[in-house]
Amino acid sequence: MAEQRIVAIAGGVGGAKLAHGLQLALPNAGALSVIVNTADDFDLYGLRICPDLDTVMYTLAGLANPATGWGIEGDSFATLGMLARYSGEPWFQLGDRDFATHVHRTQQLRSGATLSEVTASMASALGIRAALIPMTDDRVATMIDTPDGRLDFQDYFVARRHGDRVLGVQFDGISLARPCESALRAIAEASAIIFCPSNPIVSLGPVLAVPGMRDAIERSSAPVVAVSPIVGGRALKGPADSMLDSLGHEVSAAGVAALYLGLLDGIVIDEADAALAEQIESSGMRVVVTRTVMQSYEDRAQLARETLGFAATLAATLPAP
Ligand code: FO1
């Protein structure tokens with residue numbers, strides 16, 4: 001039997017947890033590729049910060065801060081403390097060890113490496129066997145339209161604690177962005193494609209909006225399965241629920257399924273949403289109902305095993321390519 005090759009598409013903390021579960025569940029972690037949102041990336045203190053790539057990287061390396069899901073466990077903040085003396089209270093928490101990641105990445109990018117090259121080499125240096133792949137090497141920036149005007153993503157998300165009503169979302173630079181070759185290759189060779197439980201608008205939305213990415217997924221003969229980030233009508237973390245609502249989408253696992261319509265063969269929803277299964281199945285995709293809240297490492301691995309099992313069942317029923 002050919003070795004299975006799994007592609008996970010992920011954004012922030014929820015996506016990172018399932019990617020970690022897949023790494024735990026697969027007999028060979030090298031069979032996993034994680035394609036990550038980079039539209040949250042920005043510059044601070046002259047450094048290139050890639051929050052979602054780093055969240056996934058630290059999580060897969062077992063370094064992530066379990067309290068926040070982002071940043072490094074046990075990190076100290078002396079550098080930020082000194083910076084505060086020069087330039088006032090920081091709005092974005094960067095730990096000392098986290099700073100090293102941004103310094104190294106920025107230095108490599110300035111000396112001509114692509115984001116995918118520097119990401120692969122950093123992930124490997126941290127002992128990660130899965131392929132960690134940015135959605136693009138080009139610059140894309142999520143902008144959030146609010147009643148106070150257009151905001152940079154991290155200004156909206158961190159500085160203003162995602163408290164503004166979201167009237168629209170733009171991905172600056174997206175029309176000129178090209179997907180990373182390694183991402184396209186992984187999708188073409190995939191035996192299953194998993195949409196992790198990340199915000200469908202601002203985490204997976206940019207990945208799917210990179211020209212060519214959606215086509216690649218549609219062309220793939222692999223089953224495509226999402227795990228809903230909305231449980232019982234609420235996002236487990238972050239503003240996905242209020243964002244769906246203000247943008248006119250149903251705030252439920254069914255609303256998530258509708259956003260991915262045409263791409264998904266199936267969706268995994270939480271037990272709390274069992275009543276939605278029939279409605280979602282009537283849209284033409286299959287549904288698995290299970291516990292999707294990941295509190296422990298075992299929860300991550302268990303959800304990954306169930307998602308992979310679901311994908312394998314779907315693969316057996318999909319028409320041959
Ligand atoms: N999120 C916050 O809410 N506050 C922070 O101060 C913060 C710092 C931070 C530092 C490094 C990093 O990789 C991520 C960080 N995040 C922080 C998370 C991040 O900005 C968001 O969760 C994502 O962009 C949304 O997925």
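Let's start with Thr136, which is buried, at 0% relative accessibility. Keep in mind as we go that this is a predicted model. Thr136 sits in the loop that joins β5 to β6, and β6 covers residues 141–146.

So what does the side chain of Thr136 reach at 2.7 Å? The backbone oxygen of Arg178. A polar atom of that Thr136 side chain also lies 2.9 Å from the backbone nitrogen of Asp138. If we set aside the neighbours within four places in sequence, Thr136 is in contact with Thr38, Leu115, Ala177, Arg178 and Cys180. For a sense of distance, try Glu278: this residue is 142 residues from Thr136 along the chain, and their C-alpha atoms are separated by 36 Å.

You may have noticed Leu115 among the contacts of Thr136. Leu115 takes us to helix α5, residues 115–125, where it is buried along with Ser116, Val118, Thr119, Met122 and Ala123. Where do these residues sit around the helix? They are on the same side of α5, because they cover an arc of only 165° around the axis. As a reminder, an α-helix has 3.6 residues a turn, so residues three or four places apart point the same way. The buried residues of α5 pack against three elements: α2, α4 (96–110) and β5 (131–134). On the face turned away from that buried side, you'll find the exposed residues Ser124 and Ala125. Just after α5 comes Gly127, with a positive phi of about 85°.

Now let's turn to the ligand. Around it there are 14 residues, and the ones that come nearest are Asp40, Asp52, Phe92, Gln93 and Gln154. How are the residues of this shell divided by type? There are 7 nonpolar, 3 polar and 4 charged. Two helices, α2 (51–60) and α6 (153–159), each supply at least two residues of the shell, and the largest share, 4 residues, comes from α6.

Let's look at the polar atoms here. An N or O atom in the side chain of Asp40 is 2.8 Å from an oxygen atom of the ligand. For Gln154, an N or O atom of the side chain is 2.9 Å from a ligand oxygen. With Gln93, a polar backbone atom takes that place, again 2.9 Å from an oxygen atom of the ligand. And how much of the ligand does the protein cover? The answer is 89% of the 530 Å² of accessible area that the ligand has on its own.

Two of the ligand's neighbours, Phe92 and Gln93, also touch our next residue, Leu80. Leu80 is found in helix α3 and counts as buried, at 3% relative accessibility. Beyond its neighbours within four places in sequence, Leu80 has further contacts with Tyr45, Pro90, Leu94, Asp96 and Phe99, among others. Take Leu94: it is 14 residues from Leu80 in sequence, and the two are 6.6 Å apart in space, C-alpha to C-alpha.

My last stop is Asp75, in the loop between α2 and α3 (78–87). Is Asp75 buried or exposed? Asp75 is buried, with a relative accessible area of 13%; the cut-off for buried is under 20%. Its side chain reaches the backbone nitrogen of Asp98 at 3.0 Å. Not counting residues up to four places away in sequence, Asp75 touches Gly95, Asp96, Arg97 and Asp98. We met Asp96 a moment ago as a contact of Leu80, and here Asp96 is touching Asp75 as well.

How values were computed
Residues are numbered from 1 along each chain as its sequence is written. This is a predicted model: local features need pLDDT of at least 70, side-chain atom pairs count only at pLDDT 80 or more; totals for chains, interfaces and linings use all residues. Side-chain values use heavy atoms; hydrogens and water are left out. A residue is near a molecule or strand if one of its heavy atoms lies within 4 Å of it. A polar contact is a pair of N or O atoms within 3.5 Å; within protein, one must be able to donate a hydrogen and the other to accept it, and residues adjacent in sequence count only if both atoms are side-chain atoms. Accessible areas come from the Shrake-Rupley method with a 1.4 Å probe; for residues, only the protein chains shown count as cover. Ala, Val, Leu, Ile, Met, Phe, Trp, Tyr, Cys and Pro count as nonpolar, Asp, Glu, Lys and Arg as charged, and the others, Gly among them, as polar. Buried means under 20% relative accessible area, exposed over 50%, partly exposed in between (1.4 Å probe, protein chains only). Contact means heavy atoms within 4.5 Å. The arc is that of the directions from the helix axis to the C-beta atoms.
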